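User: Please examine the second chain of this model closely, covering its overall build, its strands, its nonpolar interior and the side that it turns to its partner. Kindly state the cut-off behind each term as it arises.

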Amino acid sequence: MAKQNDTRQKNSSGLMALVADRSFYVLGVILFMIVWQIAGSLRLFGADFSEAFSPLAAILALVEMIKNGELVHHALPSLRRVLVSLSLAVVVALPIGVLVGYFKRIEQLTYVVFQFMRMISPLAWMPIAIIIFGVGDVSVVFLLWLVAIWPLILNTSHGAGRVSPLWVNMAKTMGALDMGILRKVVIPAAVPDMLTGLRLAVGVSWIILVPAEMLGVPDGLGYFILDTRDRFRYDQLMATIMVIGMIGYLLDSANRWLIHKFSWKN
Amino acid sequence: MITERSVLISVRQVTKTYKKDGREFHALRDCSFDVMKNEFLVIVGPTGCGKSTLLNLVAGLDFPTSGTILLNGEPVTGPGADRGVIFQEYALLPWRSVLKNVELGFEFRKSPMSRSQREAEAMKYLDMVGLGYAVKKNPGELSGGMKRRASLAMILAIKPVILLMDGAFNALDSKTKMTMHQEITRIWETEKNTIVFVTSDLDEAVKLADRIVVLNREGSIEAVLQNDLPRPRLGSAARDLDFHHRFIAFRETVMNVIKKDAGLRTCAIS
C-alpha cells in the first residue's frame, strides 16, 4: 500500500490522486465532529451540559487554554512522566526480554510470573506505590513503568526467541561466541519486535497516565480533568479530552514511523 | 592428482541415531572415511540418507551417537572458524547489506583491522564470487544465485581451512550453477582449501569431486569412488569428445552403485 503510493507520487496527476486518497482520512474526522456537534445541538448529552460538551465549545476552550498557558502547564508534566517511565522501562525490559527469549531456561523460570504480573492493572498497585514512594511524581512514574515493561519484555523475548537457528549456526561456524551472537544476531533480529513492544507500551502508558495523575499530583492532564470538573468547566474538560487523544495519536504516529524506519524486512 | 596427501578429517565408525515419535532411527550407520588435505570430496546419496547429518557432525553443530570425528588428529568438540559451512538455505542477515554480511566474520572474531581494511578485505571476496557490483544491496533484493555467492563470500572471508557445503547449489538455474561450479573450482585451486560437498546432483558430483562417497538408504557407506577425470573439467575442456565419454562412463559407474542400493526403485538422484 505505502509502496504503491510512493510510485504514484512521481507525477503530478499521481499527486492529485494521492491527495484525493488521503483526504478520506480528513473527511472521517470532519464527519465525526459534525455528528458530535449535531448530537450536542439535539441536547443528547442532557439539557444542562450539551452545550459545554459540544466540539465548538471544546475548541473555544482549547484556544483559551493555549492562550493562558494552562495547556502547556499541564501537558508538559504528563509528557515528562510518560517519557521518564518509558525510558526506565526500556532500560530494564529490553535486556530482560533478550535473555528470556534467547535462553530457554530463563523463559521457563519467568513465564508464569510474567504472564501473571502483566494481567494486574497497575492501578491495583497504587496504594503500595503511595506507601513506598509517597504521593507525587515518583508514584505516577512507577505505575507507568509497571504498565510499560510487560509489552516490552514479552515482545522483545518473542523476537529474540524466533531468531532463525540457521543464523545462529552460521554465526557459530564463523567463530562467534555467545556475546557476539547476542550482539550481532539476536538483538538486531529482535528490533522489529522491540519496536512493536514500544508502540504497545506507549499506548498503554498514555492510557494509564490519566488515572495515575488523579492520585494527588498538582499538575498533568489527568489532574486537570478533575480540576475542570471541580470548576464546572465542562468545555475545558472536553478540550482536555481532545488534547489527550491528540497527543496519544501523535505518540503512536511517532512509533509507527520508528517501526517503518528501523524494522528490517526479509 | 597429487600422490602424497595427509589426512585432514577422519570419520571413524560414526553412527548417529535420532528419536522420533518414540522410535529410534539411524541417520548414519558405522561410517568411516578420511578426507585428505586439499581434497575435493563429494558425498552423494538419496535424500534423507544422512548426508546433511554427516556434514553437521563435521561442522561440530551436532555430535555422533557413537564413533569419532578427528580433525588434524583431534576430536571435533564444536564449531570453529577453521570449518566454514555453507548451508542449504541462505544464512544472510536480512538487516545488513551484502558487504556488511561479509564483514560479519571479522566482527565476530574481533579482527584488529580498521573499518576501511575490513571493507577492502570483504570486497576482495565479493569480487572473487563476482558480486562486486551489488555490495550495497540488502539480501532481500538479491536473486537466489546472488544470495549463494554472497554466502560463499561470507564464508570465504573467514579463510576456512575446510569448506563444508550442503546442497549449496541446489535450486539454482543451470547457467548460474555452471558459473558457481567454475567459481568454486577456481577458489579451491587458488585458496588450497579442503572441500566436503554434499549434493544429490550426480553431474555436479562428477564435475567437482576428487573422490565420491556414496551413502545408501541405511545411512552407511555404499562405496568410495576415485574420480580420475583430468582437470580442468569445466568450460571448453568439457567439449573434448574423449573427455565427454569418460565423464559419462564415470557418471554411469556412480549411478550403478546408487541403483544397486535403490533396488531400481524410484531414486531421488536427479
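Analyst: In chain B, 39% of the 270 residues count as buried; a residue is buried if 20 or more other C-beta atoms, placed from the backbone, lie within 10 Å of its own, exposed if 12 or fewer do, and partly exposed in between. The model is predicted, so local features need pLDDT of at least 70 and side-chain atom pairs count only at pLDDT 80 or more, whereas totals for chains, interfaces and linings use all residues. Residues are numbered from 1 along each chain as its sequence is written, while chains are lettered from A and ligands numbered from 1 in the order in which they are written.

Chain B has a radius of gyration of 19 Å, which agrees with the value near 18 Å for a compact globule of 270 residues; the radius is taken over C-alpha atoms, and the globule rule is 2.2 Å times the number of residues to the power 0.38. Along the principal axes, the C-alpha atoms of chain B fill a box of roughly 55 × 50 × 40 Å. Among the contacts in chain B with a separation of 6 or more, 70% join residues 24 or more positions apart; a contact requires C-beta atoms, placed from the backbone, within 7 Å.

Chain B contains seven helices and ten strands, which are DSSP runs numbered from the N terminus (H or I, at least four residues, for helices; E, at least two, for strands). An open sheet of chain B holds four strands in the order S2-S1-S4-S5, with antiparallel pairing. Its edge strands, S2 (23–36) and S5 (74–75) of chain B, each pair on one side only; pairing requires at least two DSSP bridges between two strands. Strand S4 (residues 66–71) of chain B is joined to S5(B) in the antiparallel sense over two bridges, and Leu71(B) stands opposite Glu74(B) in S5(B).

Strand S6 of chain B enters a parallel pairing, with four bridges to strand S7 (residues 162–166) of chain B. Within this pair, Gly84(B) is opposite Leu163(B) of S7(B). Arg83(B) and Val85(B) point one way from S6(B), Gly84(B) and Ile86(B) point the other way, and all are buried. In a regular strand the side chains alternate between the two faces of the sheet.

The contact between the chains takes 17 residues from chain A and 21 residues from chain B. On the side of chain B that touches chain A, strand S6 (83–86) and helix H2 (98–108) of chain B each supply at least two residues. H2(B) gives the most to this side, with four residues. By class, this side of chain B has 13 nonpolar, four polar and four charged residues; Ala, Val, Leu, Ile, Met, Phe, Trp, Tyr, Cys and Pro count as nonpolar, Asp, Glu, Lys and Arg as charged, and the others, Gly among them, as polar.

The largest nonpolar core has 115 residues, of which Ala153(B) and Leu144(A) touch the most other members. Such a core is a set of buried Ala, Val, Leu, Ile, Met, Phe, Trp, Tyr and Cys residues joined through C-beta atoms within 7 Å. Residues up to four places away in sequence aside, Ala153(B) touches Val102(B), Tyr125(B), Leu126(B), Met128(B), Val129(B) and Leu131(B). Apart from the largest core lies another, of 17 residues, including Phe53(A), Ala58(A), Ala75(A) and Ala239(A).

Notes:
Contact = placed C-beta atoms within 7 Å.
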